[in-house]
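Here is a structure to read with some care. The questions below ask how certain descriptions of it are reached, and the answers set each value against the cut-off it depends on.

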Amino acid sequence: MGGRPVTAPARGARAERYDPTSIERRWRDWWDERGVNTTPDHDPERPNRYHLTMFPYTSGDLHIGHWFAMAPSDALARFHRMRGSNVLFPIGFDAFGLPAENAAIQGGAHPADWTRANIERMREQLRGMGAMFDLSREVATNAPDYYRWTQWWFLLLYRQGLAYRKEAPANWCTSCNTTLANEQVLEGRCERCHALVEQRRLAQWFLRITRYADELLQNEELDWPEHVKLMQRNWIGRSEGAEAAFPLEAPEGASGASEIRVFTTRPDTLCGVTFMVLAPEHELVERLTSEGQRAAVEEYVRQAAQSTDIERQATDRPKSGVFTGSYCLNPLTAERVPIWIADYALASYGTGAVMGVPAHDQRDFEFAQQFGLPIPVVVAPPAWDGSPLAAAYLEPGTMVGSGQFDGMPSEEAKEAIARHLEERGQGGPTVTFRLRDWLISRQRYWGAPIPIVYCDGCGEQPVPDDELPVELPYDVEFLPTGESPLARSEEFVAAACPACGGAARRETDTMDTFMCSSWYFMRYCDPHNSEHAVSAEAAAAWLPVDQYTGGSEHATMHLLYARFFYKAARDAGLVPGDEPFTRYFSQGQILGPDGRRMSKSRGNVVAPDTQVERWGSDAFRCYLMFLGPWEQGGPYDPDGIVGIARWLNRVWSVATEPVDLVEAGEPGAARAVRQAAHQTLARVTGDLERLRFNTMIAALMEYTNTLWRSRESGAQDSGAWGEAQELLALMLAPACPHLAEELWHRAGHDDSVHRQPWPEADEELVRRETVELPVQVNGRIRGRLTIPADADEEAVCQAALASERVRSHLDGREIVRTIYIPGRMLNLVAR
RNA sequence: GCCGGGGUGGCGAAAUCGGCAGACGCAGCGGGCUUAAACCCCGCGGCCGCUCGCGCGGCGUGUGGGUUCGAAUCCCACCCCCGGCACCA
């Protein structure tokens, strides 16, 4: 560094304006021609490092949220590349999904054509960002050579026993006309279109994510935001308790069920059971219904089936239910327990049945009150006088009315009773999760077909690997009938059975698009491999991802599914490690200028293209980073970007306009410039390490202002000034890749600024020799001293007492204590 | 209801191992340059009071208490906003 000749042109030459448009286009072309952003799998001199930003859905235009997510992510990847890593920073397209199909239904283009056009537009918009994406590794999930491997993944999971087909009540979106995973239902409504969700009984494909529930729960070690890890833990919802089997009073024949199993977290309350509640969808409902109750039960079940999730989940409505006419027996006391049906029991949690303990569960309490059932206390509150309860008693207490367990603390009785059940073969300790298996069937066209064939003779058969992909036919009708459009395509449905070769039918549902995005980050490692989804070598070279960034709205969907896939891949010996994303950072959400979510209907959308056109890509990138802390997000104020534009103009001016230079300038001034440069370097480096882009930009602005002022204050030392300019270009490189490249080349270099090593701050220059030290009297500031940073306490006190103002506040009182924090402040405590 | 995160100038924010509150920027105000303009330059800027002024004093980080020489930062109680979960037995 510092090899710049002292040949500054005379001042007064006509200044060239900063013109981002032409600069940015020129350097992007140059990078592409030189392959600056192409990342080899191995670089003998650099360790591999994998940075990843979530790929965009192909909705049509890159919106400001994409820029907000990707631009800082790119700056971070660039920083690590300059720090010496061989950084992979890929991009691609999440290209299957409902919007494409809905556009087709509304009379637009075919989903494939619509998607292709969108990808072309978005690819160009992405290029405009100037990010270091390695475009040779781009993937699109709708490409047959991608979804071939999504299907291969399905079959891998199938062979591992992790994919199964089951008839079960499923979330049905009444507007999208398809099923949804639990994670895609928000407050009883479709996550995407907000239409009401109801339950439909359908044969559907599930992925057994629950097999990994325990391991997925263990996420404490991950370097992820705590709130995201917590969301996942809450979503998985591990609950310890016991299962108890209640024998039926009148079991049916040898083949039928002879008992009802329940899960409870309160085995200590088993003797307080006065009723049993089955979910309306419970498989035993029909059998247990007596003739006398049949009409009432059927009516109740019918109504439950018709009501939407939102109606059923309302917690403030009175408990409803109906008696089946049957009884079961308490396994501990052999008491008769009436069996009811009520919709507060959920078919999908535990066993779908609840033992009703009204004295010690608020819901059961309300139910018992509603229907006049007894409420016997079995866990006595402290100093309980035997009177009836006004509400369920949920706290620990002393066991009563529980036979041999009476007198025991209820916390002990939990385990004692669970063990007792186990010994007698009536259940025992167990763990239940809130997490459900992942429903992946979608009755839609625009997704990867599930590679299964149904044969009347051989049953369900996986499509052999060498017949993949099961390709989507182009010519189909997109009517949303609630059945997959593929079902009406004769050419698609007809298949030969892989086992017997006879006539068979293909599965016509497609896969949830979260399947596609659960492994895309693996495909980037080896995007063109036609033999494997990802080769062992490529996986070893890049996985797991070192730094992932993206929105936390995916906490319980994508981020959980991807972890599940990774663990299944690990168990199949395909990938190293246990977790796909070592470090993950979630940026906040960018909002409209009015502080609300941007949407066309609100008319508060700011298009990135217009911002880039007006201010340049670098300015737009920097402004998004400058808004505030990245994890926080916030409103986009279109007026604020002028501040960035002014700053970059100033950068341009400081870095390109002629300055009076002398071989050896005034030493104090030269040192001041060098100090500013290195102090800024230390700040910028620290900020990038901690992903604090807003303060990084502020530090660069301060630095620019310092250079601006010192330029005006007379002739500059050529060495110090040259170094200051080079450091400016290097420090700008992560945030403003185009401008930095331009300035780097104007400083006389031929190679790319983005291939330079990140400079090291000189500690000696970072340290300050003198500081302005506030002097407090009794904690209130009464003066300031400019003193050497390492001044000792005695010298500082003396200097402080020399101040008239400090003395006047001491007012002749005695100093009883002095507190001196070198470099920070001096406090004189007087009495 | 439960669990997270957060309340700092007109606005976005900075400063959290307790040590100068408001860096940096927007908007605003005053001045300059210009025939004119600002995506130009210089300057001012928390609030109140005293002062011609230099200055000086008081108040001030959602509210009320507390700990401390010293609190935006730590503790207790409360209010408000955002996010997640919510009849999960």
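A polar contact is a pair of N or O atoms within 3.5 Å.

Q: What makes the approach of Leu346 to RNA strand B a polar contact?
A: In this predicted model, a backbone N or O atom of Leu346 lies 2.8 Å from a base nitrogen of RNA strand B. The limit is 3.5 Å, and therefore this pair counts as a polar contact.

Q: How do you know that Trp708 and Arg817 make polar contacts with RNA strand B?
A: For Trp708, a polar side-chain atom lies 2.9 Å from a phosphate oxygen of the strand, and for Arg817, an N or O atom in the side chain is 3.5 Å from a phosphate oxygen. The cut-off asks for N or O atoms within 3.5 Å, so both pairs qualify.

Q: Which residues come nearest to RNA strand B, and what part of the strand do the close atoms belong to?
A: There are 62 residues around RNA strand B, of which Tyr349, Arg363, Arg784, His809 and Asn827 come nearest. Of the strand's atoms that come within 4 Å of the protein, sugar and phosphate account for 68%. The residues of this surface divide into 25 nonpolar, 17 polar and 20 charged, and helix H22 (residues 693-712) gives the most to it, with seven residues.

Q: Why is Glu507 called buried?
A: Glu507 sits in the loop between strand E24 (503-506) and strand E25 (510-511), and its relative accessible area is 6%. Buried means under 20%, so Glu507 is placed in that class.

Q: What does the side chain of Glu507 reach?
A: The side chain of Glu507 makes a polar contact with the side chain of Trp205 at 3.1 Å, and it also reaches the backbone nitrogen of Asp509 at 2.9 Å. Leaving out residues up to four places away in sequence, Glu507 touches Arg165, Trp205, Ile450, Ile452, Tyr454 and Phe492.

Q: Why does Asp546 count as partly exposed?
A: The relative accessibility of Asp546 is 25%. Buried would require under 20% and exposed over 50%, so Asp546 falls in between and is called partly exposed. Asp546 is found in the loop between helix H16 (536-542) and strand E26, and, apart from neighbours within four places in sequence, it is in contact with Asn48, Arg49, Tyr50, Thr582 and Arg583.

Q: How do you know that strand E1 and strand E26 pair?
A: Three bridges join strand E1 (residues 48-53) to strand E26 (residues 547-549), and the two run parallel. Pairing asks for at least two bridges, so these strands pair. One of the bridge partners in E26 is Tyr548, which is matched with Leu52.

Q: What makes strand E2 and strand E27 the edge strands of their sheet?
A: The open sheet has four strands in the order E2-E1-E26-E27, with parallel pairing. Strand E2 (86-88) and strand E27 (584-585) each pair on one side only, and they are the edge strands. Helix H2 (residues 64-82) lies across E1, E2 and E26, running at about 170° to E1.

Q: Why is helix H19 described as mostly covered?
A: Of the 10 residues in helix H19 (residues 617-626), nine are buried, and each of these nine therefore has under 20% relative accessible area. Among them are Asp618, Phe620, Arg621 and Met625. In chain A as a whole, buried residues make up 54% of the 831 residues.

Key. Residues are numbered from 1 along each chain as its sequence is written. Chains are lettered from A and ligands numbered from 1 in the order in which they are written. This is a predicted model: local features need pLDDT of at least 70, side-chain atom pairs count only at pLDDT 80 or more; totals for chains, interfaces and linings use all residues. Side-chain values use heavy atoms; hydrogens and water are left out. A residue is near a molecule or strand if one of its heavy atoms lies within 4 Å of it. A polar contact is a pair of N or O atoms within 3.5 Å; within protein, one must be able to donate a hydrogen and the other to accept it, and residues adjacent in sequence count only if both atoms are side-chain atoms. Ala, Val, Leu, Ile, Met, Phe, Trp, Tyr, Cys and Pro count as nonpolar, Asp, Glu, Lys and Arg as charged, and the others, Gly among them, as polar. Buried means under 20% relative accessible area, exposed over 50%, partly exposed in between (1.4 Å probe, protein chains only). Contact means heavy atoms within 4.5 Å. Axes are lines fitted to C-alpha atoms, for helices over the stretch in contact, and angles run from 0 to 180 degrees between N-to-C directions.
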